[in-house]
Amino acid sequence: MMTGLQNTAAKFERLRKQAEGLIRLQPEIDSQSFSDILELIQELNIYQTELETQNQQLRKAQEELTSLHKEYEKLYEFAPCGYVTLNSRGIVSRANLMAVNLLQTEKDALLEASLTRFIASDFEAVFLKSRQEAKESGERRSVELLLDNRKEQPQWVRMEIEADRAENGEEVQWLVMLIDIQERKQAEEKLLRQAKERENLEKQFRQAQKMEAVGTLAGGIAHDFNNILASVIGYAELALDDAPEGSMLRDNLFEVLAAGNRAKELVRQILTVSRLENHSRQAVQINPLLKEVLKMLRSTMPASIEIRENITSEPLIVQADPTQIHQVLVNLATNAMQSMSDREGVLEVRLDSVSFDENIQDTVPDLSPGEYVRLAVNDTGSGIPGDRIEKIFEPYFTTKAKETGTGLGLSVVQGIVRSHHGHITVSSEPGTGSTFTVYLPLVQKASRERPDHAFEQLPTGNEHILLIDDEPGIVSMQKQSLERLGYTVTGKTGSLEALEDFRSSPQKFDLVFTDMTMPKLTGEKLSAAVKDIRPDVPVILCTGYSEKLTRLRENPKIEAVLMKPLDFAATAKTIRAVLDDSKVSPASGEADK
């Protein structure tokens with residue numbers, strides 16, 4: 001445009017000079033014609049001046065336009081969003097610095113490349129569909145997708161896609177804006193994790209509430225069941241004392257006692273599990289505990305699964321929390337059972353002991369040299385793929401369907417085993433099955449000899465005992481047992497009646513032996529009442545609720561607390577110890593027969 005104006009100005013300059021030459025060459029021109037020529041020259045001069053002014057304005061406008069173009073290029077290049085221009089074939093023809101950074105590439109590599117090359121394969125179809133919709137509708141389309149960087153962590157972006165048609169309406173290019181939404185996506189994922197954790201906590205809370213209700217119910221049932229067991233065990237011990245040595249009757253009574261004691265331990269396990277309490281560790285014999293677990297699982301296991309036991313007859317004892325060991329056994333056996341739920345299979349459980357020397361720490365740093373209980377649970381299920389076997393102890397990781405697995409079982413098992421200074425290993429082949437092996441430090445190997453229940457081996461006495469329990473059968477049984485040890489016993493089935501008897505003759509009794517849970521007046525309140533009457537009289541209290549043991553043992557008005565159902569040998573020793581510690585002389589007076 002500037003060149004055209006210059007040419008026009010030059011043309012008028014030539015015309016002006018030509019007119020002046022004509023004037024000089026033709027002086028005879030009349031005055032009118034001369035006047036016209038001068039006027040023409042003047043107009044040409046004015047026009048030339050205007051053209052020069054416009055020329056200056058155009059030069060200034062061009063300079064401003066050049067400056068604006070440079071400013072635009074800077075804004076485009078350093079914009080906080082990525083900008084990409086695609087030709088009709090979807091090839092990148094232009095891109096700014098942010099687009100290059102988001103796509104994690106070099107600018108030379110980006111230009112003349114297809115944009116889909118930088119998009120994760122799962123999102124390619126979404127991008128192409130949005131691009132086509134923008135072309136057909138003439139409206140901008142927005143889509144969130146994941147870039148395939150291959151260098152750093154996956155990058156989330158939002159793409160704003162707009163089609164730009166040429167003047168002929170046929171050629172199309174796409175303008176694409178890329179917005180970094182990585183932080184927003186990470187925040188959303190964090191919120192989802194928190195929501196999931198909150199949901200898990202709510203589930204745990206609901207489960208805890210259920211277990212609390214179960215614990216309350218189990219406590220009530222256990223109290224009644226313990227009274228039944230007390231009668232069974234107590235009368236069996238009385239009969240055993242009368243049975244001839246070496247007789248079939250004596251052997252049968254030993255089996256009755258063994259069954260009663262197993263039932264007693266089972267009740268304690270149920271109470272312990274349902275209460276969800278932390279319990280101190282104690283010497284636990286693994287053999288019977290494992291057999292009880294397998295017995296329980298048999299009732300729920302499909303008939304297509306065969307259980308094989310290979311449990312050593314040598315009693316193995318570990319220092320452990322019985323509830324947690326029970327949970328380990330149940331979780332491992334249940335896990336094996338579920339892996340074979342849709343097929344025939346074999347669940348094999350092996351229990352024995354093993355000794356390790358100092359070389360064990362080269363392969364298993366968690367274990368120290370010494371003797372260990374070895375528990376192996378093997379199944380013929382589907383097995384665990386090699387790429388998953390390293391993750392199976394991670395919380396919430398599971399290979400089961402959502403409705404059958406939470407991903408917490410094996411994580412809990414590993415935590416319990418480690419807290420007991422043990423170790424757990426796993427070996428598996430897909431399609432063949434899995435074997436989980438647990439090692440726990442061995443405390444001792446218990447004796448297999450059967451104890452003799454002869455009463456003459458227990459401490460005896462001649463003191464007078466006030467015995468109170470609301471179950472007549474228990475009062476009768478305990479009265480016989482204590483009398484065989486030489487004590488004088490007054491038995492009562494009502495706590496108020498017993499209190500009145502004690503109040504009428506407080507010096508007649510050397511010891512009060514009472515149950516805890518009784519109508520009208522509990523054993524704890526009865527203990528306080530007799531202490532108010534005679535502070536020096538010793539009191540032994542029996543309860544079927546283990547959660548009350550700590551509080552009752554801290555009660556200064558109670559000398560000893562025993563857990564029901566009672567072990568007679570322990571009861572006899574406790575009575576003798578309490579009487580000896582009380583240093584109370586035997587009271588005079590006749591007992592109520």
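**Entry 1: second largest cavity**

I began with helix α9, which gives three residues to the lining of the second largest cavity, the most of any element there. I note at the outset that the model I am reading is predicted. Helix α9 covers residues 322-339. I then asked which other elements give two or more residues to this lining. They are β10 (370-379) and β12 (433-441).

I wrote down the lining residues by name: I286, I325, V328, L329, L351, V373, L375, V438 and L440. By class I found nine nonpolar residues, with no polar and no charged ones. The space inside the second largest cavity comes to about 50 Å³.

**Entry 2: largest cavity**

Next I looked up how many cavities of 30 Å³ or more the structure holds. There are three. I turned to the largest cavity, where about 130 Å³ of space lies.

I found 14 residues in the lining of the largest cavity. Which of them lie nearest its centre? I listed M477, Q478, L566, F568 and T571. The elements that give two or more residues to this lining are α6 (182-242), α12 (472-484) and α16 (568-582).

I also sorted the lining of the largest cavity by class. It has eight nonpolar, four polar and two charged residues. I set this beside the lining of the second largest cavity, where I had noted no polar and no charged residues.

**Entry 3: nonpolar patch on the surface**

Helix α6 had come up at the largest cavity, and I met it again on the surface. I found a nonpolar patch there, formed by L217, I221, F225, I228, V232 and V256. Together these residues have about 520 Å² of accessible area. I asked which element gives the most to the patch. It is α6, with five residues. I checked L217 and found it in helix α6.

**Entry 4: strand pairing**

I then followed the strands, starting from β3 (residues 141-147). Strand β3 pairs with β4 in the antiparallel sense, over seven bridges. As one position in this pairing I noted S142, which stands opposite E160 in β4.

Strand β4 covers residues 155-165, and I asked how many bridges join it to β5. There are nine, and the two strands run antiparallel. I noted two positions here. I161 stands opposite V176 in β5, and E162 stands opposite L175 in β5.

Strand β5 covers residues 172-180 and also pairs with β1, residues 82-86. I looked up whether this pairing is parallel or antiparallel. It is antiparallel, over five bridges. From β1 to β5 I noted that Y83 stands opposite M177.

I closed the entry with the pairings in a row: β3 with β4, β4 with β5, and β5 with β1.

Definitions and conventions:
Residues numbered from 1 in each chain as written. Predicted model: local features only at pLDDT ≥ 70, side-chain atom pairs only at ≥ 80, totals over all residues. Heavy atoms only, no water. 1 Å grid on protein atoms, 1.4 Å probe; cavity = no way out; pocket = protein on both sides within 12 Å on 5 of 7 lines; lining within 4 Å. Points joined across faces, edges and corners; volume = space filled by probe spheres on them. Helix = DSSP H or I, 4+ residues; strand = E, 2+ residues; numbered from the N terminus. Nonpolar A, V, L, I, M, F, W, Y, C, P; charged D, E, K, R; others polar. Pairing = 2+ DSSP bridges. Patch = residues over 30% accessible without salt bridge, like charges linked within 9 Å, V, L, I, M, F, W, Y side chains within 5 Å. Areas by Shrake-Rupley, 256 points an atom, 1.4 Å probe, with all protein chains shown as cover. Salt bridge = Lys/Arg side-chain N within 4 Å of Asp/Glu carboxyl O.
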